[in-house]
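User: Please take a close look at one part of this model for me, the interface. I am new to this structure, and would like each term explained where it comes up.

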Amino acid sequence: MTSFRIAVRLLILLLLIPSPALAQGISGYAEAKGFAYDGRSNSRDPWLLGWGTLFGKWEERVGGAQLTASVRGEWITSVERGTLVFDPADRHIRRAPLSVRDLWVRLPLTPSLDLQLGRFQLGWGKTDGYSPADAFLPRDLSDPFSDEKLPLWALRLSGEEGAFRFEAVASPVTTPWRLPVLGSRNAPLTVEGFPEGTVFNELDTPPPWAGFAALRLLATFGEWDIGAWGRFGVRPAPLLAFRFDRATPTSTGLVVPVERRYAREEGVGVELSRIVGAFVLRGEAAALFSGDRDLGNAYIGSLSLERGFGDGTLLITLAGNAKTTPVDASLLFDRAILPVLITAWNRTEEWGEWKLVWTAELRHGDGLLKGEAGYNLTDLWKLTIGGELPYGSEKGPFGTLDAARRVHVALRRSW
Amino acid sequence: MHENRSVRKILLLLALAALLTAMSACLAWGGADARALLKESENRHRTRTQQYAGDLTVVNKDGKVRKKGWKSFREGYAGDARNLIRFTDPPEVKGVGFLSLSRSAGQNPDQWLYLPSMKRERRIAAQDRDASFVGTDFNYEDMEEFDHEKYKVALQGEETLNGYPCYVIAATPLEKGGKSVYEKKILYLRKDILYLLREDLYRKGEKEPTKRLILSDIQKIDGHWVARKMEMSDLRKGSRTTVLLKEIAFDRPQAVGRFTLRNLNREGGD
């Protein structure tokens, strides 16, 4: 018996032993997930996909310091998974089977000033669904429907003085956005203009080491929340360079190498939110500047309304870019779906919870319907079923994903 | 004839006496005394700070049980309370934080919920005060401490609960006290120690209580009376949430900046 099989059997045995949730510093989950697709876009895309995840997190206090570390192991039956290499900073173009999610320490410098350093996730945006303040943070789009934020190596200084708060972040190493495999169902390319059978060979171009720095100021006055931020450095979402000059013909078609490059981009933004009657109203605006010819400038705004209904929330977000992108917007991943209207509704029930999301891209009239229901078998076991239905014009970012229509089932055991 | 007049006088005096007695009883059970009782209750039980670890169990109408663990820190009391709650388990809610900061009379407290999955806080609008607090039978308004100054109060009578004589006080939210989910609250105040034993909660337009909070297992800890068990029942849904307090401490100094948004957003923090 291989060590892998032994490990799997030990894991199954561990999961079957009933145990209370630990209130101490160790937590995590094991999840088995299956996807069934409506169609295949090519021979690489199977009808069914399996996804297994094992996640463990350790948290500890030492005096006033907070230490946190977490590791995730994944097994995916698709090309989305990368090879087993040591990649703690997530700098490769595919998901590492074993990755470090958190590895940070937070030290209180003074009662009102904290220093955090290591690898952690950031969340700056006020609006859910789309936020210009979050758009510069690295994301994993290898599954475009889950849109997972990636942690980054950074140093963060945060403080507070009366009604004012601030955060300064310096991320010295670029954690690049992770993109879906080009030409797969998750990132289909318009075949128009390309000879039939063209294959894109993504090169694992190393991202730059230099990252970015950002500063954020926040204040709360009664029911008003006001904020402003600025950043400079490397934009972690890559620009794709299709090297037709280096294309090679094969017996099945043309093979085109695709390189990645990373532009510099400066940005400033403001955010404002307040409670208006039954709603929480949020607005964000950002101006982004880049000398790169393919990236250019952008003026992005978002407006969201949030309202509670019982123990659920209805959220409506409208976001758009006032400036036309110099290249195809689908190659600028943080701007691909703009302008967009996002409506999300979630509720918790006695048996679990459910959510419905409708995203409508306003330029081509295509969109995405998502639904998910989670049933709590116990406090620790949860069964989730859901589906994603992209629809509409094939010229739009969602309509082009029609081969990615799917349903999924997941079983999770937490501890 | 003369005798008749004397009898009439005596009857009149008796009637007047009865009327005065009734009026004085009415005055004794009127709003002023209810206010005095609630003020005295607040004076007796006010603490500078309070902190505890708690177990929270939600039992739905079918008997299905969900358990949660939390820690709570409070500074101030009633109208000037600041409260931070952090869930410790199960994993699906671990790290979820709740911050409530009282504001001046006429305004609902500022409330925020921190969700680890979003890595940021979410503000609770006053209209969301009826929303379930993290899947329990408590709503966001129930998480506030009772501040009698935001209510019109009247003593309704006396009743015995579990062998303890209680004052029964009706509390009606004042418009100037901020928006309330409830039309009325009926409070049962234990007479000997002026401690709340039960609260019946009437939603707007309801004639019967929709929820009931029962406080029990009352003990004296560090010189302060405290109910170690609180049970909120949703009488319409048939579910109930029980909170058991452990590791209770009063008047301990709280960390500087504990009741702040920055602290609420600290992952892995209290």
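Analyst: Buried area is the accessible area, taken with a 1.4 Å probe, that two parts lose on being put together, summed over both. By that reckoning, the area buried between chain B and chain A is about 3700 Å², and carbon and sulfur atoms give 39% of it. On the side of chain B, the residues that lose the most area to chain A are B:Arg123, B:Arg262 and B:Glu267, which together make up 20% of what that side buries.

Before going further, some ground rules are needed. The model is a predicted one, in which local features need a pLDDT of at least 70 and side-chain atom pairs count only at pLDDT 80 or more, while totals for chains, interfaces and linings use all residues. Residues are numbered from 1 along each chain as its sequence is written, chains are lettered from A and ligands numbered from 1 in the order in which they are written, and side-chain values use heavy atoms, with hydrogens and water left out.

The pLDDT is the predictor's confidence in each residue, on a scale from 0 to 100. Chain A averages 88, and 93% of its residues score at least 70. Among the elements of chain A (helices are DSSP runs of H or I with at least four residues, strands are runs of E with at least two, numbered from the N terminus), helix α1, residues 3-16, has the lowest mean pLDDT at 48, and strand β23, residues 381-391, has the highest at 97. Over residues 13-23 of chain A the pLDDT is below 50, and this stretch has 16 contacts in the model beyond near neighbours in sequence.

Returning to the interface, 38 residues of chain B are in contact with 55 residues of chain A, where contact means heavy atoms within 4.5 Å. Across this interface there are 10 salt bridges, a salt bridge being a side-chain nitrogen of Lys or Arg within 4 Å of a carboxyl oxygen of Asp or Glu. The side chains of B:Arg66 and A:Asp379 meet in a salt bridge, at 2.4 Å from N to O.

There are also 17 residue pairs in polar contact across the interface, both residues being at pLDDT 80 or more. Strands β2 (65-75), β3 (82-89), β5 (110-115) and β6 (120-123) and helix α3 (261-264) of chain B each supply at least two residues to the side that touches chain A. Strand β6 of chain B gives the most, with 4 residues. By kind, that side of chain B divides into 10 nonpolar, 8 polar and 20 charged residues. A polar contact is a pair of N or O atoms within 3.5 Å; within protein, one must be able to donate a hydrogen and the other to accept it, and residues adjacent in sequence count only if both atoms are side-chain atoms. As for the residue kinds, Ala, Val, Leu, Ile, Met, Phe, Trp, Tyr, Cys and Pro count as nonpolar, Asp, Glu, Lys and Arg as charged, and the others, Gly among them, as polar.

One place repays a slower look. B:Asp110 is found in strand β5 of chain B, and B:Asp110 counts as buried because its relative accessibility is 10%; buried means under 20% relative accessible area, exposed over 50%, and partly exposed in between, with a 1.4 Å probe and protein chains only. The side chain of B:Asp110 is joined to that of B:Arg123 by a polar contact of 2.9 Å. Leaving aside residues up to four places away in sequence, B:Asp110 touches A:Gly222 of the partner chain, along with B:Leu99, B:Ser100, B:Leu101, B:Arg103 and B:Arg123.

B:Arg123 is also touched from the side of chain A by A:Trp224, whose other contacts, not counting residues up to four places away in sequence, are A:Ala219, A:Leu272, A:Ser273 and A:Arg274. A:Trp224 lies in strand β12 of chain A, residues 224-233, and is partly exposed, with a relative accessible area of 35%.

Within chain A, the side chains of A:Glu271 and A:Arg216 meet in a salt bridge at 3.1 Å, N to O. This pair links distant parts of the chain, 55 residues apart, with A:Glu271 in strand β16 (residues 266-276) and A:Arg216 in strand β11 (residues 212-221). A:Glu271 is buried at a relative accessible area of 2%, and A:Arg216 is buried at 5%.
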